[in-house]
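Biologist: Before we discuss the covalent and charged contacts in this protein, could you put the sequence and the structure up for both of us?

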Amino acid sequence: MMKLFSLVFSVLLACYNRVNSQELKHITNEDEVNAPASEAWELYRNLGISELVAQELKNVIQRLDVLEGDGGVGTEIKVTFVPGNSSYTEKFTVIDDQRRVKETQGLEGDCLAIGCSVQIVEFEIIEKSQNSSIIKSTISYAVKEEFQAKDPKPSIELVEAIVQISKKFLERNN
């Protein structure tokens, strides 16, 4: 039994080191919002932003399914795109109320379907003034060795749309 445990541990450690040894690439964007950071964070910290985007982008998003959880760490959601033949599934991995950071890890779809081994989306809400904040979005990803020549990239358009929808919503409500 100990040999089996040792073998499993070694395999898992090798996989972990391989993912962590890959150089992550980053795509970052910052948008100023005329709304307090506390209000922006309330929208982003749980399922609120996902539900708002699904409601506002009905021409792009066919369905939003919560596969597991209630909006906290460990929640898994699946976004099915129109016409319904592609989807993206992610898991909420970090929700830090002190730093106002939410991080999700892609489980399937988007760049993971075309050669990426890791896709992480992070939203950080930065207080600029009492009534102004910055939404910083970062997509971090790693490309599998066999796909390096094709240089696949995650779709930044949806992340940009998320920020613009939230900006419009937050500014309309202030």
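The questions below take up the disulfide and then the salt bridges.

Modeller: Please keep in mind throughout that this is a predicted model.

Biologist: Which cysteine pairs with C111 in a disulfide?

Modeller: Two cysteine sulfur atoms count as a disulfide when they lie within 2.5 Å, and the count for this model comes to one disulfide. The sulfur atom of C111 has its partner 2.0 Å away, and that partner belongs to C116.

Biologist: Is the disulfide of C111 and C116 left-handed or right-handed?

Modeller: The handedness follows from the torsion about the S-S bond of C111 and C116. Because that torsion is about -120 degrees, the disulfide is left-handed.

Biologist: Is C116 buried or exposed?

Modeller: A residue is called buried when its relative accessible area is under 20%. Its disulfide partner C111 has a relative accessibility of 0% and so counts as buried. For C116 the relative accessible area is 2%, and therefore C116 is buried.

Biologist: How many salt bridges does the model contain?

Modeller: The criterion is a side-chain nitrogen of Lys or Arg within 4 Å of a carboxyl oxygen of Asp or Glu. One of the pairs is E32 with K128, whose closest N and O atoms are 2.8 Å apart. By this criterion the count comes to six salt bridges.

Biologist: How many residues apart in sequence are E32 and K128?

Modeller: E32 is found in strand β1, whereas K128 belongs to strand β6, which spans residues 116-129. The salt bridge therefore ties together parts of the chain whose separation in sequence is 96 residues.

Biologist: Is K128 buried, partly exposed or exposed?

Modeller: The partly exposed class lies between the 20% and 50% limits of relative accessible area. E32, at 36% relative accessibility, falls in that class and so counts as partly exposed. K128 has a relative accessibility of 49%, so K128 counts as partly exposed.

Biologist: Which residues are linked with D151 in a network of salt bridges?

Modeller: D151 meets K25 in a salt bridge with an N to O distance of 3.2 Å, a pair that links the loop between β7 (132-143) and α4 (156-172) to strand β1 (residues 25-33), 126 residues apart. The side chain of D151 also meets that of K153 in a salt bridge, at 2.4 Å from N to O. The residues linked with D151 in the network are thus K25 and K153.

Key:
Residues numbered from 1 in each chain as written. Predicted model: local features only at pLDDT ≥ 70, side-chain atom pairs only at ≥ 80, totals over all residues. Heavy atoms only, no water. Buried < 20%, exposed > 50% of the residue type's maximum accessible area, 1.4 Å probe, protein only. Helix = DSSP H or I, 4+ residues; strand = E, 2+ residues; numbered from the N terminus.
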